[in-house]
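Trainee: I should like to work through this model with you, beginning with its overall form and ending with its charged pairs. May we start from the terms that we shall need?

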Amino acid sequence: MADIQVRQSAGLDVAGVGAILALGVVLAIFGAAWAVDAPFQTQMYTLLAACTLGLGGLVLVCADDPACFSRGRYEDGVVKAGVIAAMFWGVAGLLVGVIIAAQLSFPNIFYFPDLGWTNFGRLRPLHTSAVIFAFGGNVLIATSFYVVQRTCRARLAGGAWPWFVFWGYQLFILLAGTGYLMGITEGREYAEPPWYADLWLTLVWVVYLLVFLATLWKRKEPHIYVANWFYLAFIVTIAMLHIVNNLAVPASFTGSQSYSLFAGVQDALTQWWYGHNAVGFFLTAGFLAIMYYFIPKQAERPVYSYRLSIIHFWALIFLYIWAGPHHLHYTALPQWAQTLGMTFSIMLWMPSWGGMINGLMTLSGAWDKLRTDPVLRMLVVSVAFYGMSTFEGPVMSIRAVNSLSHYTDWTIGHVHSGALGWVGYVSFGALYCLTPWLWKRERLYSNALVEWHFWISTIGIVLYITSMWVAGIMQGLMWRAYNELGFLEYSFVETVEAMHPYYIIRALGGGLYLLGALLMVYNLWRTARGDAPAKERAADIPAAAQSAATLAAE
């Protein structure tokens, strides 16, 4: 009886996903046939191909067994797919970042006027979207699906729906990225995808939320672990931010252009309410969930203070949502609103550092593991970067400091200290943990390669952020310098010339970080294959195996 109910439920799940894909095929054909601009037509053909392939795959996989997505204790297939996608998009996004850093350093060499899609203006949003939403988003979806199952002791709900979330998200990334290269953009920071891609993401994200909530609902563990609270806050808040900030009126329902529902200072305030909280909930809350699961798991220690983690959660999500106006100092935004954003940004020091302390102190009694476990070291260093970034951010929100830092490369250095050090390292640590767990390997292919990854990328981060700090402060000081007659001391071109050596250092730092990521991909690929290294160091061999070898020798 129970098996019949499972099959019926699974059949409904597959039918629901199939209905959405079939509707996508119909809308794509209509859009391609009546397109008012060539880029939109290309996007519709992309949508048509994706939905057709999805329908074909669904038929092939589920033709004989509709419950094929509901077998086993846990659904780890979609998590494996997320790990692979994260590695792919991570390398792609970092590569584009190195290319545009080289363009800024040597514009005469890396500028191709006949190839519009290679210009900085099109590659820059491709880079930011690839590293934040493609790499970071896949890490968050994969880890959330893994963590919620283990902490709830329940299989992912929805049968085929988690796979719809995964592949639907890849389609969103593909539509957004190819759109940028063709010049389709809404021109909003972190929110460049066109209106139809935004609608598709809204559908995917609602399904993601429902899958996560349904898994929590059917949990066998009565307590909801704190990591799931952070994941839930990230999913719910990003949905709200995405919908409000992307309210727009299409110029044509068969064209790529649209007009924002807001205008003027209201548009700016909505954008930076979204922009800052995309950082706060996508790049902070979601990855704090990773911290709260993977650091205790890898250190084999309980969370230092569970009570502190709950205080950290509620304080962070309450304070963060008010901090966006600090991006709009010295603008038409009312000064009281600017001050409100600055005040809440400074208050964010407390919960942010509370979380950092909680993550670091989880290693109490296990600090020696940092010498022998490079994965744990990467996770812990990510928390240190989190603490540094959440100190620097509030400082930069102070109006007097902001007058120097805003619009300069100091902001670029700050963003990348958080992105490369905090988000990058905690993501890499999670991927290093997940790969042997998911592919049932005793350990990683090579801890030595993790060591190389850690040190090469750390040098890259240091080169990147220090060069941008120096360049940004110099830039701000040159912009505000006046001569004895009251005229500007430097022209804009002179400030650009002065920053040239720092741009070269930044490109070098980015290249080193990319090299480290490539080492990670190679290491994880060999781990998934089950390969054993030709030479093993003592540090690479699990402690139990070392003890057994010692006893055998005696």
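Mentor: A residue is called buried when its relative accessible area is under 20%, exposed when it is over 50%, and partly exposed in between. Please keep in mind that this is a predicted model.

Trainee: With that cut-off, how many of the residues of α8 are buried?
Mentor: Helix α8 covers residues 264–299, 36 residues in total. The rest of the structure largely encloses this helix, because the buried residues of α8 number 27 of the 36.

Trainee: Where is the kink in α8 centred?
Mentor: From first C-alpha to last, α8 reaches 50 Å, close to the 52 Å expected at 1.5 Å a residue. The helix nevertheless has a kink of about 30°. The residue on which this kink is centred is N277.

Trainee: What is the radius of gyration of the protein?
Mentor: The protein has 19 helices and 2 strands. For 554 residues the globule rule gives 24 Å, and the protein comes close to that value, so it is as compact as a globular protein of that length. Its C-alpha trace spans about 85 × 70 × 45 Å along the principal axes. The radius of gyration is 24 Å.

Trainee: How far apart should the ends of helix α18 be, at 1.5 Å a residue?
Mentor: Helix α18 runs over residues 500–529, which makes 30 residues. Its end C-alpha atoms are 44 Å apart, and this agrees with the expected span of 44 Å.

Trainee: Which residue just after α18 takes a positive phi?
Mentor: The value is about 85°, and the residue that takes it is G530.

Trainee: Which residue forms a salt bridge with R153?
Mentor: R153 lies in the loop between α4 and α5, and its phi is near 55°, a positive value in a residue other than glycine. R153 is partly exposed, because its relative accessible area is 37%. The closest N and O atoms of the salt bridge are 3.6 Å apart, and the partner of R153 is E221. The pair links distant parts of the chain, 68 residues apart, with the partner in the loop between α6 and α7: E221.

Trainee: Is E300 buried or exposed?
Mentor: E300 comes just after α8 and takes a positive phi of about 55°. Its side chain meets that of K369 in a salt bridge, at 3.4 Å from N to O. E300 lies in the loop between α8 and α9 and K369 in helix α12, so the pair ties together parts that are 69 residues apart in sequence. At 61% relative accessibility, E300 is therefore exposed.

Trainee: Which residues are linked with R526 in a network of salt bridges?
Mentor: R526 counts as buried because its relative accessibility is 16%. Its side chain meets that of D531 in a salt bridge of 2.5 Å, N to O. The network links R526 with R529 and D531.

Trainee: What is the accessible area of the nonpolar patch that includes L115?
Mentor: L115 lies in the loop between α3 and α4. Its relative accessible area is 38%, so L115 is partly exposed. The patch on the surface is formed by F106, I109, F110, F112, L115, W117 and I504, and their accessible area together is about 630 Å².

Definitions and conventions
Residues are numbered from 1 along each chain as its sequence is written. This is a predicted model: local features need pLDDT of at least 70, side-chain atom pairs count only at pLDDT 80 or more; totals for chains, interfaces and linings use all residues. Side-chain values use heavy atoms; hydrogens and water are left out. Helices (H or I, at least four residues) and strands (E, at least two) are DSSP runs, numbered from the N terminus. The expected span of a helix is 1.5 Å times one less than its number of residues. The bend at a residue is the angle between axes fitted to the seven residues ending there and the seven starting there. Buried means under 20% relative accessible area, exposed over 50%, partly exposed in between (1.4 Å probe, protein chains only). Patches are made of residues with over 30% relative accessible area and no salt bridge: like charges are joined within 9 Å, nonpolar side chains (Val, Leu, Ile, Met, Phe, Trp, Tyr) within 5 Å. Accessible areas come from the Shrake-Rupley method with a 1.4 Å probe; for residues, only the protein chains shown count as cover. A salt bridge is a side-chain nitrogen of Lys or Arg within 4 Å of a carboxyl oxygen of Asp or Glu. The radius of gyration is taken over C-alpha atoms; the globule rule is 2.2 Å times the number of residues to the power 0.38.
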